[in-house]
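This report walks through a single chain, moving from individual residues to helix packing and back to the chain as a whole. Please keep the sequence and the model in view while reading.

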Amino acid sequence: MLQHYAMNKNYDSISPSARSLLIMKAHTDIPFAEEAAAMLPKEGTAGIEDNSNALGYWVRVLHFEGRYKSIDMLMQDIDTKSVLEISSGFSFRGLDMVLHHPVHYIDTDLPGVIETKAAFIADMLPDPAAQKGILETLPMNAVDKKEFEEVTSRFAEGPVTVVNEGLMMYLDTEEKKKLCANVHKLLKEHGGYWITADVYVKGLDEQRRAVTSSAREEQFFAAHNIEENKFESYEQAEVFFREQGFELDKEAVIDYTQMSAVKHIMPLLPPDYESRPLPKMQATWRLKAI
């Protein structure tokens with residue numbers, strides 16, 4: 001296992017957000033989310049659902065369900081046998097994929113999250129013999145060139161699909177560039193695509209509050225400079241990725257009315273909700289290395 005994690009920033013402090021996100025996803029039909037949430041230790045979860053009767057909480061649930069499924073949408077029309085998920089948190093897309101497809105899926109995150117996740121997978125895996133693919137769950141700091149190359153060297157020749165959600169808003173510009181350089185090198189060597197759900201743009205205060213359900217989360221956002229780390233606009237995001245050697249191949253189109261969380265939101269919506277659509281605060285892009 002990789003052990004080199006010496007960096008100035010304490011990335012391990014991000015891990016509580018993965019716990020909170022899993023509890024919200026447990027309200028949806030995202031594979032294995034409900035089962036995994038039930039296995040979480042109770043310490044550290046107090047207060048996460050204090051606002052679960054509020055519209056803002058369920059808007060967040062809907063947002064994260066749509067973000068997760070947007071990646072699946074962009075994977076449907078490409079043929080890949082190798083998948084790298086970066087900073088996967090308590091997402092079990094890899095487990096679901098290897099049960100249904102003959103893929104080599106490497107699922108990565110920081111050590112504290114990935115160790116717990118591996119234990120969850122061992123408990124949830126219905127029958128190891130039923131796997132059609134290979135799942136590896138490995139620690140990796142995605143901005144570290146050496147670690148990135150050690151993990152991705154495990155793939156066979158051929159195209160690789162890199163996916164991530166919920167990472168880039170924790171990275172400043174220089175860290176984003178390091179991540180891009182690692183992914184770009186991989187795709188130039190193997191071919192394939194990068195599907196990132198992290199195209200977040202800076203929004204108005206009222207928009208941000210619409211998807212922030214508690215003062216605790218506001219404090220977390222402030223501590224990790226979430227708003228500052230977002231892109232200025234979608235146009236600026238496209239320019240940034242092009243400067244790093246990528247071109248936009250396709251954007252996911254999400255129909256939120258088809259999300260499973262909608263049933264929780266409908267009773268809480270005001271009478272004029274149709275005239276106030278959800279603000280677009282994020283996009284999921286499929287990128288190609290050029």
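## A buried phenylalanine in a loop

Does Phe 32 count as buried or exposed, and at what relative accessibility? In this predicted model, Phe 32 has a relative accessibility of 13%, and because buried means under 20%, Phe 32 counts as buried. The residue is found in the loop between helix H1 (15–25) and helix H2 (33–39).

The backbone of Phe 32 also deserves a look, since its phi is positive, at about 70°, although the residue is not a glycine. Most residues other than glycine have a negative phi. Ser 87 offers a second case, with a positive phi near 50° in a residue other than glycine. Ser 87 lies in the loop between S1 and H4, and with a relative accessible area of 22% it is partly exposed.

## Tyr 68 and its surroundings

Tyr 68 is found in helix H3, where a relative accessibility of 2% places it among the buried residues. Leaving aside neighbours within four places in sequence, the contacts of Tyr 68 are with Lys 25, Ile 30, Pro 31, Ser 91, Phe 92, Arg 93 and Glu 165. For one of these partners, Ile 30, the separation along the chain is 38 residues, while the C-alpha atoms of Tyr 68 and Ile 30 are separated by 8.1 Å.

## The enclosed helix H4

Why can helix H4 (residues 93–100) be described as largely enclosed by the rest of the structure? The description holds because 6 of its 8 residues are buried, namely Arg 93, Gly 94, Leu 95, Met 97, Val 98 and Leu 99. Arg 93, one of these buried residues, is also among the contacts of Tyr 68.

The surroundings of H4 include both helices and strands: its buried residues pack against helix H3 (55–75) and helix H5 (111–124), and also against strand S1 (82–86), strand S2 (104–109) and strand S3 (134–139).

## His 104 in strand S2

Strand S2, against which the buried residues of H4 pack, contains His 104. With a relative accessible area of 14%, His 104 is buried, and its side chain is joined to that of Glu 136 by a polar contact of 2.7 Å. Not counting residues up to four places away in sequence, His 104 touches Lys 81, Ser 82, Val 83, Ile 134, Glu 136, Arg 154 and Phe 155, so Glu 136 appears both in this list and as the partner in the polar contact.

## Helices H6 and H7

Two packed helices are described by the angle between their axes and the distance between the axes. For helix H6 (residues 145–152) and H7, the angle is about 30° and the axes are 10 Å apart. Because angles under 35 degrees count as roughly parallel, H6 is roughly parallel to H7, and H6 passes H7 in a right-handed crossing. At this interface Lys 145, Phe 148, Glu 149 and Thr 152 in H6 meet Asn 182, Val 183, Lys 185 and Leu 186 in H7.

Helix H7 (residues 173–190) also holds Glu 175, which at 10% relative accessibility counts as buried. The side chain of Glu 175 reaches the backbone nitrogen of Asp 172 at 2.8 Å.

## The end of the chain

Ile 290 is found in the segment after strand S7 (282–289) and is partly exposed, with a relative accessible area of 42%. Not counting residues up to four places away in sequence, Ile 290 touches His 184, Lys 188, Arg 242, Gly 245, Phe 246 and Glu 247. Phe 246 is 44 residues away from Ile 290 along the chain, and the C-alpha atoms of the two residues are separated by 5.5 Å.

## The chain as a whole

How many helices and strands make up the secondary structure of the chain? The total comes to 12 helices and 7 strands, and 52% of the 290 residues count as buried. Among contacts between residues at least 6 apart in sequence, 83% join residues at least 24 apart. The accessible surface of the chain comes to about 13700 Å², with 52% of that area belonging to carbon and sulfur atoms.

Notes
Residues numbered from 1 in each chain as written. Predicted model: local features only at pLDDT ≥ 70, side-chain atom pairs only at ≥ 80, totals over all residues. Heavy atoms only, no water. Helix = DSSP H or I, 4+ residues; strand = E, 2+ residues; numbered from the N terminus. Buried < 20%, exposed > 50% of the residue type's maximum accessible area, 1.4 Å probe, protein only. Contact = heavy atoms within 4.5 Å. Areas by Shrake-Rupley, 256 points an atom, 1.4 Å probe, with all protein chains shown as cover. Polar contact = N/O pair within 3.5 Å; in protein donor to acceptor, adjacent residues only side chain to side chain. Axes fitted to C-alpha atoms, helices over the stretch in contact; angles between N-to-C directions. Parallel < 35°, antiparallel > 145°, perpendicular 65-115°, else oblique. Left-handed = near helix turned anticlockwise from the far one by under 90°.
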